[in-house]
Amino acid sequence: MPLPPDSAKPRKRGLMYLLSSLALVASCALAQDAPQTNLPRAKLSAGMHQIDAQLALTPEQRQIGLMFRKEMSQTEGMLFVFEQPAQQCFWMKNTLLPLTAAFVADDGTIVNLADMKPQTTDSHCSEKPVRYVLEMNAGWFAKKGIKAGSRLSGQPFGKTP
(Lines give C-alpha, C1' and ligand atoms only; values in the text may rest on other atoms or scores of the structure.)
Protein backbone atom coordinates (compact mmCIF):
# COMPACT_ATOMS: atom_id res chain seq x y z
CA MET A 1 0.00 0.00 0.00
CA PRO A 2 1.54 3.39 -0.97
CA LEU A 3 2.27 5.95 1.70
CA PRO A 4 0.08 9.04 1.95
CA PRO A 5 1.55 12.01 -0.03
CA ASP A 6 2.58 13.95 3.11
CA SER A 7 4.55 11.06 4.61
CA ALA A 8 6.69 10.78 1.45
CA LYS A 9 8.08 14.32 1.94
CA PRO A 10 10.34 13.43 4.88
CA ARG A 11 11.68 10.46 2.90
CA LYS A 12 12.39 12.71 -0.10
CA ARG A 13 14.13 15.25 2.14
CA GLY A 14 16.15 12.45 3.72
CA LEU A 15 17.10 11.08 0.32
CA MET A 16 18.04 14.57 -0.94
CA TYR A 17 20.14 15.13 2.18
CA LEU A 18 21.89 11.80 1.68
CA LEU A 19 22.57 12.52 -2.00
CA SER A 20 23.88 16.02 -1.33
CA SER A 21 26.09 14.67 1.49
CA LEU A 22 27.52 12.02 -0.83
CA ALA A 23 28.19 14.65 -3.49
CA LEU A 24 30.03 16.81 -0.94
CA VAL A 25 32.15 13.87 0.24
CA ALA A 26 32.98 12.94 -3.37
CA SER A 27 33.99 16.50 -4.24
CA CYS A 28 36.22 16.69 -1.15
CA ALA A 29 37.86 13.39 -2.08
CA LEU A 30 38.51 14.68 -5.59
CA ALA A 31 39.93 17.94 -4.25
CA GLN A 32 42.38 16.00 -2.07
CA ASP A 33 43.77 14.28 -5.17
CA ALA A 34 44.59 17.58 -6.83
CA PRO A 35 47.95 19.36 -6.48
CA GLN A 36 48.22 22.74 -4.77
CA THR A 37 49.37 25.25 -7.35
CA ASN A 38 47.80 28.50 -6.15
CA LEU A 39 49.67 29.07 -2.88
CA PRO A 40 51.41 32.38 -2.15
CA ARG A 41 54.98 32.60 -3.45
CA ALA A 42 58.28 34.08 -2.32
CA LYS A 43 61.52 34.69 -4.17
CA LEU A 44 64.45 32.97 -2.47
CA SER A 45 68.06 32.65 -3.42
CA ALA A 46 70.86 30.23 -2.72
CA GLY A 47 73.94 32.18 -3.71
CA MET A 48 73.38 33.17 -7.34
CA HIS A 49 70.56 30.65 -7.81
CA GLN A 50 67.00 31.99 -7.74
CA ILE A 51 64.10 29.95 -6.36
CA ASP A 52 60.40 30.56 -6.94
CA ALA A 53 58.99 29.02 -3.74
CA GLN A 54 55.36 28.26 -3.06
CA LEU A 55 54.64 28.91 0.63
CA ALA A 56 52.87 26.21 2.63
CA LEU A 57 51.78 28.26 5.64
CA THR A 58 48.80 26.47 7.18
CA PRO A 59 48.63 22.95 8.62
CA GLU A 60 46.39 21.91 5.70
CA GLN A 61 48.78 23.35 3.10
CA ARG A 62 51.76 21.70 4.80
CA GLN A 63 49.94 18.36 4.99
CA ILE A 64 49.25 18.32 1.23
CA GLY A 65 52.60 19.89 0.24
CA LEU A 66 53.69 18.72 -3.20
CA MET A 67 51.42 15.67 -3.26
CA PHE A 68 49.92 14.84 -6.67
CA ARG A 69 52.26 17.18 -8.60
CA LYS A 70 53.38 15.54 -11.83
CA GLU A 71 56.01 18.13 -12.74
CA MET A 72 57.82 21.11 -11.28
CA SER A 73 60.20 23.49 -13.01
CA GLN A 74 63.87 23.40 -11.98
CA THR A 75 63.66 26.85 -10.35
CA GLU A 76 60.48 26.08 -8.40
CA GLY A 77 60.11 24.60 -4.93
CA MET A 78 57.91 24.65 -1.85
CA LEU A 79 58.87 26.29 1.43
CA PHE A 80 57.07 24.82 4.45
CA VAL A 81 56.79 27.46 7.16
CA PHE A 82 56.09 26.30 10.72
CA GLU A 83 55.07 28.47 13.68
CA GLN A 84 58.17 27.64 15.71
CA PRO A 85 61.37 25.63 15.39
CA ALA A 86 61.00 21.90 16.09
CA GLN A 87 62.31 18.65 14.68
CA GLN A 88 60.47 18.41 11.35
CA CYS A 89 59.93 15.05 9.67
CA PHE A 90 58.65 14.50 6.14
CA TRP A 91 57.50 11.55 4.05
CA MET A 92 56.51 11.15 0.42
CA LYS A 93 53.06 9.53 0.53
CA ASN A 94 51.13 10.49 -2.64
CA THR A 95 54.11 12.53 -3.86
CA LEU A 96 54.93 11.64 -7.44
CA LEU A 97 58.19 13.59 -7.88
CA PRO A 98 61.56 12.67 -6.35
CA LEU A 99 62.55 15.55 -4.08
CA THR A 100 65.37 16.82 -1.90
CA ALA A 101 64.38 18.53 1.34
CA ALA A 102 66.54 21.22 2.91
CA PHE A 103 65.88 21.66 6.61
CA VAL A 104 66.51 25.36 7.23
CA ALA A 105 67.19 27.38 10.40
CA ASP A 106 65.56 30.77 11.07
CA ASP A 107 68.56 32.64 9.63
CA GLY A 108 68.41 30.67 6.33
CA THR A 109 71.26 28.26 7.14
CA ILE A 110 70.69 24.76 5.77
CA VAL A 111 70.95 22.33 8.70
CA ASN A 112 70.77 19.14 6.64
CA LEU A 113 69.50 17.77 3.32
CA ALA A 114 67.51 14.62 2.63
CA ASP A 115 66.88 12.94 -0.73
CA MET A 116 63.38 11.49 -0.80
CA LYS A 117 61.95 8.85 -3.13
CA PRO A 118 58.40 9.20 -4.49
CA GLN A 119 55.43 7.46 -2.89
CA THR A 120 57.26 6.17 0.18
CA THR A 121 56.48 6.52 3.85
CA ASP A 122 60.12 6.63 4.98
CA SER A 123 60.65 9.41 7.51
CA HIS A 124 63.19 12.17 6.70
CA CYS A 125 63.89 14.45 9.67
CA SER A 126 65.81 17.57 10.54
CA GLU A 127 68.95 17.01 12.60
CA LYS A 128 68.11 20.08 14.73
CA PRO A 129 64.92 22.04 15.41
CA VAL A 130 64.01 24.14 12.34
CA ARG A 131 61.09 26.30 11.29
CA TYR A 132 61.54 25.96 7.52
CA VAL A 133 61.80 23.09 5.06
CA LEU A 134 62.45 23.76 1.37
CA GLU A 135 61.60 20.98 -1.08
CA MET A 136 63.16 21.10 -4.54
CA ASN A 137 63.46 18.57 -7.37
CA ALA A 138 65.79 15.72 -6.39
CA GLY A 139 69.44 16.60 -6.86
CA TRP A 140 68.86 20.37 -7.26
CA PHE A 141 71.00 21.29 -4.26
CA ALA A 142 73.82 18.86 -5.20
CA LYS A 143 73.92 20.14 -8.81
CA LYS A 144 74.32 23.70 -7.51
CA GLY A 145 76.97 22.77 -4.92
CA ILE A 146 74.64 23.73 -2.07
CA LYS A 147 75.07 21.69 1.11
CA ALA A 148 74.54 21.80 4.87
CA GLY A 149 75.94 25.10 6.16
CA SER A 150 75.01 26.99 2.96
CA ARG A 151 72.66 29.91 3.45
CA LEU A 152 69.39 30.79 1.76
CA SER A 153 68.17 34.36 1.56
CA GLY A 154 64.75 35.86 1.03
CA GLN A 155 61.93 37.50 2.93
CA PRO A 156 61.16 34.51 5.20
CA PHE A 157 64.76 34.65 6.50
CA GLY A 158 64.79 38.42 6.97
CA LYS A 159 66.88 39.09 3.87
CA THR A 160 65.72 39.76 0.34
CA PRO A 161 67.38 37.83 -2.48
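**Close-up views of a predicted model**

**View 1. Helix α2 at the largest pocket.** In this predicted model, α2 contributes three residues to the lining of the largest pocket, the most of any element. The volume of the largest pocket is about 240 Å³. Its lining has 14 residues, and those closest to the centre are Arg 62, Gln 63, Phe 80, Phe 90 and Trp 91. Two or more lining residues come from each of α2 (59–64), β3 (76–86) and β4 (89–90).

**View 2. The character of the pocket lining.** Eight residues that line the largest pocket are nonpolar. Four are polar, and two are charged.

**View 3. Phe 82 against Phe 90.** The structure holds five aromatic pairs. In one of them, Phe 82 and Phe 90 meet edge-to-face. Their ring centres are 6.3 Å apart, with 85° between the planes. Are these rings buried or exposed? Phe 82 counts as buried because its relative accessibility is 15%, under the 20% cut-off. Phe 90 has 9% relative accessibility, so Phe 90 is buried too.

**View 4. Tyr 132 against Phe 157.** Tyr 132 and Phe 157 also form an edge-to-face aromatic pair. The centres lie 5.0 Å apart, and the planes are at 80°. Which parts of the chain does the pair link? Tyr 132 sits in strand β8 (residues 130–137). Phe 157 belongs to the segment after β9 (152–154). The two residues are 25 residues apart, and the pair links distant parts of the chain. Both Tyr 132 and Phe 157 are buried.

**View 5. A cluster of phenylalanine rings.** Phe 80, Phe 82, Phe 90 and Phe 103 are joined into a cluster by ring pairs. Two of its members, Phe 80 and Phe 90, are among the residues closest to the centre of the largest pocket.

Technical notes:
Residues are numbered from 1 along each chain as its sequence is written. This is a predicted model: local features need pLDDT of at least 70, side-chain atom pairs count only at pLDDT 80 or more; totals for chains, interfaces and linings use all residues. Side-chain values use heavy atoms; hydrogens and water are left out. On a 1 Å grid over the protein atoms alone, a cavity is a set of points where a 1.4 Å probe fits but cannot get out, and a pocket is an open set with protein on both sides within 12 Å along at least five of seven lines; lining residues have an atom within 4 Å of a point. Grid points are joined across faces, edges and corners, and a volume is the space filled by probe spheres set on the points. Helices (H or I, at least four residues) and strands (E, at least two) are DSSP runs, numbered from the N terminus. Ala, Val, Leu, Ile, Met, Phe, Trp, Tyr, Cys and Pro count as nonpolar, Asp, Glu, Lys and Arg as charged, and the others, Gly among them, as polar. Rings of Phe, Tyr and Trp (its six-membered ring) pair if their centres lie within 6.5 Å; planes under 30 degrees apart count as stacked, over 60 as edge-to-face and the rest as tilted. Buried means under 20% relative accessible area, exposed over 50%, partly exposed in between (1.4 Å probe, protein chains only).
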